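Student: Got a minute to go through this model with me? Let's start with how the helices pack.

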Amino acid sequence: MKTDAKAASGGDGFDALDRRLAHALQLDGRAPFSRIAAVLGVSDQTVARRYSRLRTNGTLKVLGLADARALGEVEWMVRVQCTPEAAVPVAEALARRSDTSWVSLMSGGTEITAVCRAASSEHSDALLLQKLPRTPSVVGVTAHCLLHEFYGGPRGVISKSGALTDEEIARLSPPQRDPEAEPFAVPVRLGDADRRLFDVLARDGRTPLAELAAVTGWSPTTVRRRLAELRAAGVLYYDVDYDLRQYGYGVMVALWLSVAPAELAATGEALAAHPEVAFAGATTGPNNLFASVLCRDVGALYTYLTTRVAALPGVRTMESAPRIRQVKGPGPLTVTAPAGPGRRR
């Protein structure tokens, strides 16, 4: 990028307009470029060119994802301990599963973390037992159910970037279900066409209506109406997947905290408000609060742990592990991610 663009962004990969565009897409992944351009104060063509460049070079893409809670599914945070030579093939085997996401190799290269989804709590035992390759190289497995999400889903670190003003956020934010609302009373049931729709959106959330119509067998008008229905019901949300290095992040750390039960809700909410936190949730197990933390370097991580985390109420113990390689992100497995911090969560 040009020197002046880097200066405008504080020396990171994205310039100021890239960051504003990313924030706009985090708010509404399928917003027309014309609406985004009107809010950002640039031309439609500029927004289209910027998005095309970022999408083509792999630094940013929009994903259309399904909310597990809306579908009555249960998410599990799984940690697998392996012998060093087995870690990569086991991680890749997990990543090939359609019901896994966020598969990563952690510090030391002998631990794998992954998020697994089961159709219901009754199916969880089978899911966890059948998912792992049958090999003596797997020396330990722990799995903890995600009980409550304090931060994540349609909200990400981009939302904390300050790239857009409150007025611009209000103009770009579509009506959507309150993420802090009560749990879904009745799970939403998806038909075969809905599943095909999600398969495509998970690869590219901005797939044109004509292509979505061809995949589902619906008319473009029906596709547009169904997208709106799924979004309003809280089933469909859009997320921005991006290269962390473009925001100057060099370290991603998985953080497990043990918090006194009486302090769990307050601690989780306080943790979720930290600018460094990309995801935070309450889980079962002795470490009952999990977070993904993004920092510029290990020095910034040390400062974060000894100031912000140290000040949280009710924290009894802390465990942290840096991610050394992301094998799979939130969408389908496409290519193996390169070494480095990869994407967020």
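Tutor: Sure. Keep in mind that this is a predicted model. Start with a helix pair: α8 crosses α9 in a right-handed manner.

Student: Which residues of α8 and α9 meet there?
Tutor: Ala-193, Arg-196, Leu-197, Val-200 and Leu-201 come from α8. They meet Leu-212, Val-215 and Thr-216 of α9.

Student: How many residues of that contact are nonpolar, polar or charged?
Tutor: Six are nonpolar, one is polar and one is charged.

Student: And what angle do α8 and α9 pack at?
Tutor: About 140 degrees, with the axes 9 Å apart. Here α8 spans residues 192–201 and α9 spans residues 209–216.

Student: Why are they called oblique?
Tutor: Roughly antiparallel needs an angle over 145 degrees, and roughly perpendicular runs from 65 to 115. The angle of about 140 degrees fits neither class, so α8 and α9 are oblique to each other.

Student: New topic, strands. How many residues of β6 are buried?
Tutor: Seven of seven, across residues 236–242.

Student: Which residues sit on which side of β6?
Tutor: Leu-236, Tyr-238, Val-240 and Tyr-242 lie on one side. Tyr-237, Asp-239 and Asp-241 lie on the other. Both faces are covered.

Student: Do β1 and β6 run parallel or antiparallel?
Tutor: Antiparallel. Seven bridges join β6 to β1, which covers residues 60–66.

Student: What is the bridge partner of Val-62 in β6?
Tutor: Val-240. That residue is also one of the buried ones in β6.

Student: Switching again. What is the phi of Trp-102?
Tutor: It is positive, about 50 degrees, although Trp-102 is not a glycine. Trp-102 sits in strand β3, residues 100–106.

Student: Is Trp-102 buried or exposed?
Tutor: Buried. Its relative accessibility is 8%, and the cut-off for buried is under 20%.

Student: Where is Ser-137?
Tutor: In the loop between α6 (124–131) and β5 (138–151). Ser-137 is buried too, with a relative accessible area of 17%.

Student: What does Ser-137 contact, leaving aside neighbours within four places in sequence?
Tutor: Gln-81, Cys-82, Thr-83, Glu-85 and Ala-86.

Student: Last one, the whole chain. How many helices and strands?
Tutor: Twelve helices and ten strands. The chain has 345 residues, and 52% of them count as buried.

Student: What share of the contacts with a separation of 6 or more joins residues 24 or more positions apart?
Tutor: 75%.

Conventions
Residues are numbered from 1 along each chain as its sequence is written. This is a predicted model: local features need pLDDT of at least 70, side-chain atom pairs count only at pLDDT 80 or more; totals for chains, interfaces and linings use all residues. Side-chain values use heavy atoms; hydrogens and water are left out. Axes are lines fitted to C-alpha atoms, for helices over the stretch in contact, and angles run from 0 to 180 degrees between N-to-C directions. Helices (H or I, at least four residues) and strands (E, at least two) are DSSP runs, numbered from the N terminus. Angles under 35 degrees count as roughly parallel, over 145 as roughly antiparallel, 65 to 115 as roughly perpendicular and the rest as oblique. A crossing is left-handed if the near helix is turned anticlockwise from the far one by less than a right angle, and right-handed if clockwise. Contact means heavy atoms within 4.5 Å. Ala, Val, Leu, Ile, Met, Phe, Trp, Tyr, Cys and Pro count as nonpolar, Asp, Glu, Lys and Arg as charged, and the others, Gly among them, as polar. Buried means under 20% relative accessible area, exposed over 50%, partly exposed in between (1.4 Å probe, protein chains only). Two strands pair if DSSP finds at least two bridges between them.
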